[in-house]
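Let's take a friendly walk through this model together, with the viewer open beside the text. We will look at the cavities, then a strand and its partners, and then one residue in a loop.

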Amino acid sequence: MWIKRPDDIPSSEITDEKLYINRRRFLVAAGVIGATGAGLLGCNSDAEGSNAGTGADLMTAGAGQEPDDKPNTYEQITSYNNFYEFGTDKEDPKGNSAGFHPQPWTVRVEGLCKKPGDYHFDDLVKPHKVVDRTYRLRCVEAWSMVIPWQGIPLAEMIKRFEPQPSAKFVAFTTVMRPNEMPGQRRPVLQWPYVEGLRMDEATNDLTLMATGLYGKPLPNQDGAPIRLIVPWKYGFKGIKSIVKIAFVDKQPETTWNIAAPDEYGFYANVNPEVDHPRWSQATERRIGEFRRRRTLMFNGYADKVASMYSGMDLRRNY
Ligand SMILES: Nc1nc2c(c(=O)[nH]1)N[C@H]1C(S)=C(S)[C@@H](COP(=O)(O)O)O[C@H]1N2
Ligand SMILES: [Mo]
């Protein structure tokens, strides 16, 4: 992400970065370079199709935590955010999202499934049991948090839509509301924000559609009223304020891959052995701490997800 960077890069480097960003933004806006860039696609097609299921015995609340993981505070989780629709600085989402209306809310389900339609938020959530899941969130910018989410396992939600065997991927779209989301009035990213998962990733036991944190409905800055959490992947896979879920047969486009394909792949699995082109991914800073922690393979969830990627080259499929 040409805009983002680890938060510990010296400020002397920031000026250059800002100039670069502004120049790039200008060039994109002026149509000099395409927002999609050219020829450097980071993902390829050996991932088509879904692998075997991952077993039903995997998930208990908080599984995969390190012994010294303790949840970040509500204050930290709600005041240090990435949500570019509300601005590119960490404190922007909290400051700029008060005028956002997460209710009423409708999610459109479409594509290769037997039960497409417009689902009102309550119709979407009510049939399911809300579960507690405390997960580490590892941002690609090399910081992390531990967040106690509430939500619905995506696998359960998906079952209800009865996807067809031809559905190999699930594509998600964030709401487009430039009047309520000041960041969407500028071409910082291609709007609306989009993300996607392979079907086996979407139906993995860890994958969550979050509707709350710390027992409260999701705050606007964290993706109200419903957002995705994929804890073994970099945070940008966790698309916020979702209004569309589509079952598709081809790998969908993803926002950060469109913005910088050589830096952000479709898979985005947390991998301390594959550096970002502009910084190391070997360590991370937990928000609220000063020391650096070692980053864990698949963010510490390898035992539950590594089998999905056996046979894939994780340096190519970053
Ligand atoms: N629609 C949308 N979803 C998004 C983003 C965004 O800018 N827009 N940022 C992503 C990134 S980079 C991260 S690290 C997480 C941050 O989630 P949090 O603010 O709840 O910690 O949200 C992800 N989801
Ligand atoms: Mo991120």
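## Cavities in the model

Searching the whole structure turns up three cavities of 30 Å³ or more. Keep in mind as you browse that this is a predicted model. The largest cavity has a volume of about 330 Å³. Its lining is made up of 25 residues, and those nearest the centre are Asn82, Arg227, Gly235, Gly238 and Lys240. Strand β4 makes the largest contribution to this lining, with four residues. By residue type, the lining of the largest cavity splits into 15 nonpolar, five polar and five charged.

The second largest cavity has a volume of about 80 Å³. It is lined by 14 residues, with Leu137, Ile229, Val230, Pro231 and Gly235 closest to its centre. Gly235 therefore deserves a label in your viewer for both cavities: it is listed among the residues nearest the centre of the largest one, and among those closest to the centre of the second largest.Strands β3 (131–138) and β9 each supply at least two residues of this second lining, and β3 gives the most, with four residues. Its residues divide into eight nonpolar, two polar and four charged.

## Strand β7 and its partners

How many of the residues of strand β7 are buried? Six of the six residues in this strand, which spans residues 208–213, are buried, so β7 is largely enclosed by the rest of the structure.

Three strands are worth displaying alongside β7. Strand β4 (residues 143–153) pairs with β7 in the antiparallel sense over five bridges, and here Ile152 has Met209 as its bridge partner in β7. Strand β9 (residues 227–229) also runs antiparallel to β7, joined to it by three bridges. Met209 turns up again in this pairing, standing opposite Leu228 in β9.

Strand β8 (residues 216–217) is linked to β7 by two bridges, again in the antiparallel sense. Gly212 finds its bridge partner in β8 at Pro217. Together β7 and β8 form a hairpin with two residues between them. If you like checking backbone angles, look at Tyr214 in the turn, which has a positive phi of about 50 degrees.

## Asn220 in the loop

Moving along the chain, Asn220 is found in the loop between β8 and β9. Is this residue buried or exposed? Its relative accessibility is 14%, and buried means under 20%, so Asn220 counts as buried.

What does Asn220 touch, leaving aside residues up to four places away in sequence? The contacts are with Phe83, Phe86, Ser97, Ala98, Phe100 and Pro102. Asn96 is also worth selecting: it lies 124 residues from Asn220 along the chain, and the C-alpha atoms of the two are separated by 9.5 Å.

## Confidence

Before you build anything on this model, take a look at the confidence values. The chain averages a pLDDT of 86, and 79% of the residues score at least 70. Over residues 10–62, however, the pLDDT is below 50. In the model, this stretch has 76 contacts beyond near neighbours in sequence.

Note on methods. Residues are numbered from 1 along each chain as its sequence is written. Chains are lettered from A and ligands numbered from 1 in the order in which they are written. This is a predicted model: local features need pLDDT of at least 70, side-chain atom pairs count only at pLDDT 80 or more; totals for chains, interfaces and linings use all residues. Side-chain values use heavy atoms; hydrogens and water are left out. Buried means under 20% relative accessible area, exposed over 50%, partly exposed in between (1.4 Å probe, protein chains only). Two strands pair if DSSP finds at least two bridges between them. pLDDT is the predictor's confidence in each residue, from 0 to 100. Contact means heavy atoms within 4.5 Å. On a 1 Å grid over the protein atoms alone, a cavity is a set of points where a 1.4 Å probe fits but cannot get out, and a pocket is an open set with protein on both sides within 12 Å along at least five of seven lines; lining residues have an atom within 4 Å of a point. Grid points are joined across faces, edges and corners, and a volume is the space filled by probe spheres set on the points. Ala, Val, Leu, Ile, Met, Phe, Trp, Tyr, Cys and Pro count as nonpolar, Asp, Glu, Lys and Arg as charged, and the others, Gly among them, as polar.
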